[in-house]
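Student: Please take a close look at one part of this model for me. I would like the first helix and what surrounds it, in one connected answer.

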Amino acid sequence: MKIAKEGRAIWKSMTEFEKAHYFAKAARKKAEYEIAIKQHIDNLNETAMEVSTTSSMNTNEDVELEVNSQIVKVL
């Protein structure tokens, strides 16, 4: 707790000019984070689209195979 109190005292004693560097760094890190999250979500959406397309293709192939097997049975 002593370290936290000392840190808080140092922060409170700093001028806005001295704190500006830390605020700028925090804003830059937040922007990087938001970009990374957007890219991650985009990648998840692309993967979901690929899985959905593959799944529907497999379903269509399964239906086609079933229909063909029924035709063969009738003949």
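Tutor: Helix H1 covers residues 2-13, twelve residues in total. At 1.5 Å a residue, H1 should span 16 Å. Its end C-alpha atoms lie 17 Å apart, so expectation and model agree. Keep in mind that this model is predicted.

Now the burial of H1. Of its twelve residues, the number buried is zero, so H1 lies largely in the open. The whole chain gives the setting: of its 75 residues, 3% count as buried. Its accessible surface comes to about 7100 Å², and 63% of that belongs to carbon and sulfur atoms. The chain has two helices and zero strands.

The other helix is H2, residues 16-74. Lysine 19 is found in H2. Leaving aside residues up to four places away in sequence, lysine 19 touches Trp11 and Met14. Lysine 19 is buried, yet has no salt bridge. Glutamate 16 carries the nearest side chain of opposite charge, 4.1 Å away. The cut-off for a salt bridge is within 4 Å, so that pair does not count.

Trp11 also takes part in a surface feature. Together with Tyr22 and Phe23, Trp11 makes a nonpolar surface patch of about 330 Å². Phenylalanine 23 has its place in H2. Its relative accessible area is 47%, so phenylalanine 23 is partly exposed. Patch members need over 30% relative accessible area, and phenylalanine 23 has 47%.

To recap: Trp11 is a contact of lysine 19, and Trp11 is also one of the residues of the nonpolar patch.

How values were computed:
Residues are numbered from 1 along each chain as its sequence is written. This is a predicted model: local features need pLDDT of at least 70, side-chain atom pairs count only at pLDDT 80 or more; totals for chains, interfaces and linings use all residues. Side-chain values use heavy atoms; hydrogens and water are left out. Patches are made of residues with over 30% relative accessible area and no salt bridge: like charges are joined within 9 Å, nonpolar side chains (Val, Leu, Ile, Met, Phe, Trp, Tyr) within 5 Å. Accessible areas come from the Shrake-Rupley method with a 1.4 Å probe; for residues, only the protein chains shown count as cover. Helices (H or I, at least four residues) and strands (E, at least two) are DSSP runs, numbered from the N terminus. Buried means under 20% relative accessible area, exposed over 50%, partly exposed in between (1.4 Å probe, protein chains only). The expected span of a helix is 1.5 Å times one less than its number of residues. Lys and Arg count as positive and Asp and Glu as negative; His and the chain ends are not counted. Contact means heavy atoms within 4.5 Å.
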